[in-house]
Amino acid sequence: MGIASLMYHKKKSNNVTPVEGTIYGIKIDTTNSSPEGAVTYIDDAIGSTPARGNNGFFNGGSWLDKFPFNQIKPCLFKDGAVQYYLNPNDYAQKDDGTPADITSGTDGNVMIEFPKVYWNIKKIGTEIYIRYSDKKISEQYKCWAHMRGTTEKDKVYISAYLGNLSNGVLQSLSGKAPVVSQTITALRDASTQNGENYQQMGYYQVLMLQILYLVMFKDRNSQSALGSGYATSNASRTTTGKTNTKGLYFGETTGKQNMKLFGIEDVWGNARYFADGMYLSDTLNMFLGTHDFNDDAIGYTNVGVVNESPTNSYTADVIGTTELGFLPVSSGGTATTYYCDRGGIVAKFTFAFGSPYNASVAGGIFQITNTVATATPADISARLVYL
């Protein structure tokens, strides 16, 4: 265990019991435009080798046996319970090698199980410090992706595929056309048709993926570090399941093949997907929620004032807090500098992450776009979450 486990405890006078735990982290020099050169490993990540996509020949570096990557599992999930786990190298098989039903929905949805992750992000001067652990190191560490109101959940389940719509129910199945041209409200309602505690992908699950990606790959250019995704000069969306036999991680450079990160296909590429639980008011107060999503931010928490930013420009700098993570605060980047993705936030709009089939180099893990709540965008899909 590194010295990081002793570094971030509250003083005794604050009545917080010190907690020891392994802390993996990075530091980003916001003045350095190099996507990779600006990022430095800190704490228990010092000395680690970053993961790389290697144009279809993924190398996990130092990370595949580290938390939480060693606990991320694909599974069939139904009625709030794992039915069986899947072979990570062939989703059409159970983990014992026997056939799995990943197409009909009879055995449930194909989901990825994530253990509880606590994180802390803070900006000090021109540097952003991003840390995570399996322990609540201090009160500054939050497990937002695993929170349902005030209740911490041990696991969160995120759809392995972009969602498809079947009889009004949002599903995550192989061989299906991703649903598009629906309002965020309609897709939210379709996700809840699966039962109690099912919902559309929330902002905090997206933020967790961004944090884990950054520490694992140590590079703000996700399309370079892992792969382009199905995003370059493609004529249309493709059906789900193209990465079923490509392990939990896959990326290449042509932009003609779907990518995979943490077992999730199309984190970028093929179609964008709504991030629910976000609402930027006309007074520029950002309200964030963990559950019971709605169009009016009822039950959400006001996490502070956020300035609007250009919607079609490459992000150069981000907010850098535990709640607001990598939301853009300034443009001025390019496809090969800073965060290498387009981003922007506009008051009273809804938000989507990822990128469509023809975005080329414009969109990786940090791309965020906006649309009005009543719109039915032809390039925005949805993801299913159980929390």
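**Notebook: loops, hairpins and the whole chain**

I began with Lys218, which sits in the loop between α2 (203–217) and α3 (222–225). I kept in mind that this is a predicted model.

Next I looked up the backbone of Lys218. Its phi is positive, about 50°, although the residue is not a glycine. I noted this down because most residues other than glycine have a negative phi. Is Lys218 buried or exposed? With a relative accessibility of 15%, Lys218 falls under the 20% cut-off, so I entered Lys218 as buried.

Asp266 went on the page after that. I found it in the loop between β16 (264–265) and β17 (272–275). Asp266 is not a glycine either, and its phi is positive at about 60°. The relative accessible area of Asp266 is 0%, so I wrote it down as buried.

Then I turned to the peptide bonds. Which form does the bond from Phe67 to Pro68 take, cis or trans? I read an omega near -5°, and the bond is cis. For a newcomer, it helps to know that most peptide bonds are trans. Pro68 belongs to the loop between β2 (39–43) and β3.

From that loop I moved on to β3 itself. Strand β3 covers residues 73–78 and runs antiparallel to strand β4, residues 81–87, with four bridges joining the two. I checked one pair by name: Phe77 has Val82 in β4 as its bridge partner. The hairpin of β3 and β4 has two residues between the strands, and there I found Asp79 with a positive phi near 50°.

I followed β4 onward to its pairing with strand β5 (residues 90–94). These strands are antiparallel too, and I counted two bridges between them. Leu86 stands opposite Lys94 in β5. How many residues does the hairpin use to join β4 to β5? I found two.

Last, I stepped back to the whole protein chain. I listed three helices and 27 strands. The radius of gyration is 19 Å, close to the 21 Å that the globule rule gives for 387 residues, so the chain is as compact as a globular protein of that length. Its C-alpha atoms fill a box of roughly 55 × 50 × 40 Å along the principal axes.

I also looked inside: buried residues make up 59% of the 387. Among contacts with a separation of 6 or more, 66% come from residues 24 or more positions apart. On the outside, I noted an accessible surface of about 14200 Å², with 47% belonging to carbon and sulfur atoms. My final entry was on charge: there are 32 positive and 34 negative side chains, and the centres of the two sets lie 3 Å apart.

Key:
Residues are numbered from 1 along each chain as its sequence is written. This is a predicted model: local features need pLDDT of at least 70, side-chain atom pairs count only at pLDDT 80 or more; totals for chains, interfaces and linings use all residues. Side-chain values use heavy atoms; hydrogens and water are left out. Two strands pair if DSSP finds at least two bridges between them. The radius of gyration is taken over C-alpha atoms; the globule rule is 2.2 Å times the number of residues to the power 0.38. Buried means under 20% relative accessible area, exposed over 50%, partly exposed in between (1.4 Å probe, protein chains only). Contact means heavy atoms within 4.5 Å. Accessible areas come from the Shrake-Rupley method with a 1.4 Å probe; for residues, only the protein chains shown count as cover. Lys and Arg count as positive and Asp and Glu as negative; His and the chain ends are not counted. The place of a charge is taken as NZ of Lys, CZ of Arg, CG of Asp or CD of Glu.
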